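Work through the exercises below with the coordinates open. Try each task before reading its solution.

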Number of protein chains: 2
Amino acid sequence: MVDTFGARLQERIRALGPLCVGIDPSRQILESWNRPDSVEGLEFFSLAVLEAVLDTAAAIKPQVAFFERFGSEGFRVLERLMAEARDADILIVADAKRGDIAETNDGYAEAWLGHRSPLVADAVTASPYLGVAALAPLFEMASANGRGVFVLAATSNDAGRSLQRARTDDNERVEELILRSIAELNRRDDGLGSLGVVLGATRDHPEFNLPSLGGPFLVPGVGSQGADAQNVARLFDRCPPATVLASVSRAILQAGPDRAALRDAAQRWRDDLSAALL
Amino acid sequence: MVDTFGARLQERIRALGPLCVGIDPSRQILESWNRPDSVEGLEFFSLAVLEAVLDTAAAIKPQVAFFERFGSEGFRVLERLMAEARDADILIVADAKRGDIAETNDGYAEAWLGHRSPLVADAVTASPYLGVAALAPLFEMASANGRGVFVLAATSNDAGRSLQRARTDDNERVEELILRSIAELNRRDDGLGSLGVVLGATRDHPEFNLPSLGGPFLVPGVGSQGADAQNVARLFDRCPPATVLASVSRAILQAGPDRAALRDAAQRWRDDLSAALL
């Protein structure tokens, strides 16, 4: 039997703290690092961040969009980053927000959770607009391979709020529907399940009882989006220990390109988050 | 001033008919073509379908998930397919269903709608779970470059229905919110705008007055998902001529690998759709 992603993540958070570092090689950040907005700049940036946070972060979260903008060449850089991260034994959450009808999600499951794939991650983010049930191929491959899926529930941006808080014909808010559905799927696993949710640190407590999710939380919106370690701690106050992975991107990345400054920023965030959450 | 994607699409539909052929190189279809489930199989299949439908279809719709499962090598095949399609002057709708917060959608806009990108398409599909407003970078690049975006409204699968029909705090169904938001954005353009929606052929008439969208409709679910040309015609009965692009995948693809059979299947669907819609 393979260890669940949830169990592996929990162990890693206990050892290293709850910090996940978002690797977001946007045009703007490459500029601020005085690097060209090119495949070479992308590769330099990504590997530099990985190296600087290796001993501090439980996971990295490459934002696939910023690699995809260079097409297959950008994906080659992402593959190299992921290979180096696997070698260094740091968890990888591919922030891809994929989601389609079930037949098509087979393809995304293979891409991000399949053993053969050069893009295989420890977990991938998924978008439920076509229904949580349509994501079944991702869930099944995650369970089979000891990998995970973080399904978007309540995101950190304001623009998503009206949709995510809409009420179904059963009078349940969409974000609550996602949380409840994932909790039901996790009940099949012993211990912390493979299936998590994305819940922005800038959001309010949902009605759903978060400790009953039975899986991990990926929490963006920390740092430059406005939330701090205390906000995260309050939102997840009664959750089991080491189930919350807090993702910080710009607030750390902008400390570069100086490696020591980058490393210091990551350590400060890790220490703050550990003190508040563990 | 650049022609809008809507205007270019309308011209193409008038000339060739309303058929869009989905290029879905899943493991299953490669098997049924007696081709290996490999990068080579992917390339053979994709180029064969393109060649067979060139004179019949207004557009091709490569399903990105099935290329992505081979990582950067799969994306290389997708880039080659897209380059050949551009040379042959057939429109490309990249079925990627991308969507994230606005800052990240900059990356997806560059990838799928940017002039420099090897993945540049005539239009890309986008998912609104993080809000229609968050998709602004895609809309802006589409307008600037004469390209388009099809935003998911009501999809053809049952699993998405409860979320898409949930009601916002303004008592508007999510799918209606998407339709209305896109219609408002299209009002900035003369003629048929750059922004369309995905509306499954298997769905009922929404409350929203479809002819007022001011942009094109991408209509999956035709063929093996159960809808026929008559269903499409009924759903869009009062819409302006040549604004509906009906996407057929498996019902055509399974006629291969024989090229003549593939070509015949595409022509039959094109003729049926043209008779019903034009």
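The exercises go from chain to interface to barrel.

The model is predicted: local features need pLDDT of at least 70, side-chain atom pairs count only at pLDDT 80 or more, and totals for chains, interfaces and linings use all residues. Residues are numbered from 1 along each chain as its sequence is written, while chains are lettered from A and ligands numbered from 1 in the order in which they are written.

**Exercise 1. Describe the fold content and compactness of chain A.**

Step 1. Count the elements. Chain A has twelve helices and eight strands (DSSP runs numbered from the N terminus: helices are H or I with at least four residues, strands are E with at least two).

Step 2. Test compactness. The radius of gyration of chain A is 17 Å, close to the 19 Å of the globule rule for 278 residues, so chain A is as compact as a globular protein of that length. The radius is taken over C-alpha atoms, and the rule is 2.2 Å times the number of residues to the power 0.38.

Step 3. Check burial. In chain A, 61% of the 278 residues count as buried (20 or more other C-beta atoms, placed from the backbone, within 10 Å of a residue's own).

**Exercise 2. Relate chain B to chain A and characterise their contact.**

Step 1. Superpose. A rotation of 180° with 0.0 Å of shift along its axis puts chain B on chain A, RMSD 0.0 Å (least squares on C-alpha atoms of residues with pLDDT of at least 70 in both). This is the relation of a two-fold axis.

Step 2. Count the interface. Chain B and chain A give 45 residues each (contact: C-beta atoms, placed from the backbone, within 7 Å). Helix 6 of chain B contributes the most to the chain B side, with seven residues.

Step 3. Compare the surfaces. Of the interface residues of chain B, 100% are also interface residues in chain A, so the copies meet through the same surface.

**Exercise 3. Trace the sheet of chain B and place two helices on it.**

Step 1. Follow the strands. Eight strands form a closed barrel in the order 1-2-3-4-5-6-7-8 (chain B), with parallel pairing (at least two DSSP bridges between two strands).

Step 2. Find a bridge. B:Val197 has B:Phe217, in strand 7 of chain B, as its bridge partner.

Step 3. Add helices. Helix 3 (residues 39–53) of chain B packs on the sheet, touching strand 1 and strand 2 of chain B, with its direction at about 165° to that of strand 1. Helix 7 (residues 136–145) of chain B lies across strand 4, strand 5 and strand 6 of chain B, at about 140° to strand 5. Axes are lines fitted to C-alpha atoms, for helices over the stretch in contact, and angles run from 0 to 180 degrees between N-to-C directions.

Note on methods: A residue is buried if 20 or more other C-beta atoms lie within 10 Å of its own, exposed if 12 or fewer, and partly exposed in between; C-beta atoms are placed from the backbone. Two residues are in contact if their C-beta atoms, placed from the backbone, lie within 7 Å.
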